[in-house]
There are 2 protein chains.
Amino acid sequence: MENIIIIGSGPAAHTAAIYSGRAKLTPLIYEGLLAGGVAAGGQLTITTEVENYPGFPEGIQGPELMDKMRAQSIKCGARIKTITVNKVDLSKRPFIVSAEEERVEAKALIIATGATAKRLYITGEDRLWQKGMSACAVCDGALPLYRNKILIVVGGGDTAAEEASFLTKYASKVIVIHRRNTLRASKVMQDRLFQNKKIEIIWDSVVTEALGDNLLDGVKIKNIKTNQESRIEAGGLFYAIGHIPNTAFLEGQIELDETGYIKTKPGTTKTNIPGVFAAGDVQDKIYRQAITAAGTGCMAALEAEKFLSERH
Amino acid sequence: MENIIIIGSGPAAHTAAIYSGRAKLTPLIYEGLLAGGVAAGGQLTITTEVENYPGFPEGIQGPELMDKMRAQSIKCGARIKTITVNKVDLSKRPFIVSAEEERVEAKALIIATGATAKRLYITGEDRLWQKGMSACAVCDGALPLYRNKILIVVGGGDTAAEEASFLTKYASKVIVIHRRNTLRASKVMQDRLFQNKKIEIIWDSVVTEALGDNLLDGVKIKNIKTNQESRIEAGGLFYAIGHIPNTAFLEGQIELDETGYIKTKPGTTKTNIPGVFAAGDVQDKIYRQAITAAGTGCMAALEAEKFLSERH
């Protein structure tokens, strides 16, 4: 029987492990094997330079930061299994966590499985990902790579509108490409977009190819009404087409919101099930940063520690 | 006129600066000059080894971590003034921030002035602070220094009870010293305390002196009913007598709770005044960790950026 099982491998999971490890709860982490389509370490493993994680004034590579956090978890007493949890039973206590062939009991559970940014996987994307292509304007927009370039944002919702506005701080021009002829973004966000002279919108179109050898230097687009294809010069391509929270394995076990994110009591990491806590992007569709995820990982560990000492 | 003024100097303030700096808002930080009784950098400047800030598996000295965050803020475009804000006017827009002789206008404000742990300043405390003396069991309890020692907790409230229970994970024995003959802690917490065989309570007593040359090795205590003095051997002395949020300069300007902490909308850093955000310990009396403070600093910057782009 485990005290705490942590499911996940990003900043939230490892911060929860550091805190619960130091509290002598010997947490067990299931970091997963390509769970959610990304390597153990989470979304930071598919970024390059991280400039905004506090404590690293010279910046740090995303994978290196996650290596450090993982090493710190182990040093604090966490044990890590590189297999993917495919099922949990939260209907009785102890909770049961199933990963491949194993079934393990746990008194408390911290879910930090993250969310995966949607991507289009167009031609050239494998070659140019993070070399002019990104799924997070707030994370990557300020990198020198994108300064004074034409930047393309794909999407039509609030996030796309926000990220387009945000990128005008750095770009010579921002082009929003949307496959419909109206935006799903709120009225307020649309107004901001239309009023911004640095932003152009191309309607009824999709990006079909990322161009460039070592760095993105343009895209191919296609008008889906006329089927006309064209090329646009660009120094950056940002996907803003949403995220998928990694909660499929929780099917029917815990309260999710209408988009699949775990619901937590605001200002805490408490879910609707006492003893089950959620941290990081799996419960956050607003901030989605490494440092905010780490903060909630800490909260989850402190709350789980308190839960265990009161109940057990 | 400033876009964003950040008041504070700890992890919350610098994370807010890193994010708002990268968003090209050129934030101005008032880090204060011994504001709240601690050096710029906040409470981490009076700790030594920090083992639980994610990203540093070998640990990092508190002051060094804060030097790094400060350097990162500057690198991201923040300007820093080492004077203390003594007054703000939030009743009109732009807000007015007064520090010594200056009065500066700002469109948005992030308050991250922290909270200061109460200390007793007994004889020997100057010499032995962080050498066996601490005001944070969660932060410091796991350090090798405190393993298998007799540890003393001073206080009688919920925090004291929680910290005493927490410290039994590491200590050979925990002695709670309280100046009354009943605890203020909740019934549940008291029961946990009384049932724990590793915990002893000494009533009606105060600690009068910290003993030891380079490391604490005991304390002098006095029974305040009998005036009898005695010595106790101990390897650690933890104050759990509360914190004072650094909000005196806000007098009447913003909504505070009954203990002086800034009220925020749970799950956000929004205060009752649109455009004024609060991050870190000044609005958190539960988690109080460097990493949670940094997380809320990031949230405040993202919320301030959104506020500014919608309003201005």
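**Close-up views of a predicted model**

**View 1. S205(A) stands opposite N223(A), which lies in strand 15 of chain A.** The model shown here and in the other views is predicted. Strand 15 spans residues 218–223 of chain A. Its pairing with strand 14 of chain A is antiparallel and runs over six bridges.

**View 2. Strands 14, 15 and 16 of chain A form an open sheet.** The order is 14-15-16, and the pairing is antiparallel. Strand 14 (205–211) and strand 16 (229–233) are the edge strands of this sheet. Each of these two pairs on one side only. From one strand to the next, the twist averages 30°.

**View 3. The second largest pocket has a lining of 25 residues.** Its volume is about 440 Å³. Nearest the pocket centre lie G155(A), R184(A), A240(A), I241(A) and G242(A). Helix 5 (158–167) of chain A supplies at least two lining residues, and so does strand 14 of chain A. That strand is also an edge of the sheet in View 2. By class, the lining holds 10 nonpolar, eight polar and seven charged residues.

**View 4. A turn of 180° lays chain A on chain B.** The shift along the axis is 0.0 Å, and the RMSD is 0.0 Å. The two copies are therefore related as by a two-fold rotation axis. Both copies use the same surface: 100% of the contact residues of chain A recur in chain B. Which residue of chain A comes closest to the rotation axis? G267(A) does, with its C-alpha at 2.1 Å.

Technical notes: Residues numbered from 1 in each chain as written. Chains lettered and ligands numbered in written order. Predicted model: local features only at pLDDT ≥ 70, side-chain atom pairs only at ≥ 80, totals over all residues. Heavy atoms only, no water. Pairing = 2+ DSSP bridges. Helix = DSSP H or I, 4+ residues; strand = E, 2+ residues; numbered from the N terminus. Axes fitted to C-alpha atoms, helices over the stretch in contact; angles between N-to-C directions. Least-squares fit on C-alpha atoms with pLDDT ≥ 70 in both. Contact = heavy atoms within 4.5 Å. 1 Å grid on protein atoms, 1.4 Å probe; cavity = no way out; pocket = protein on both sides within 12 Å on 5 of 7 lines; lining within 4 Å. Points joined across faces, edges and corners; volume = space filled by probe spheres on them. Nonpolar A, V, L, I, M, F, W, Y, C, P; charged D, E, K, R; others polar.
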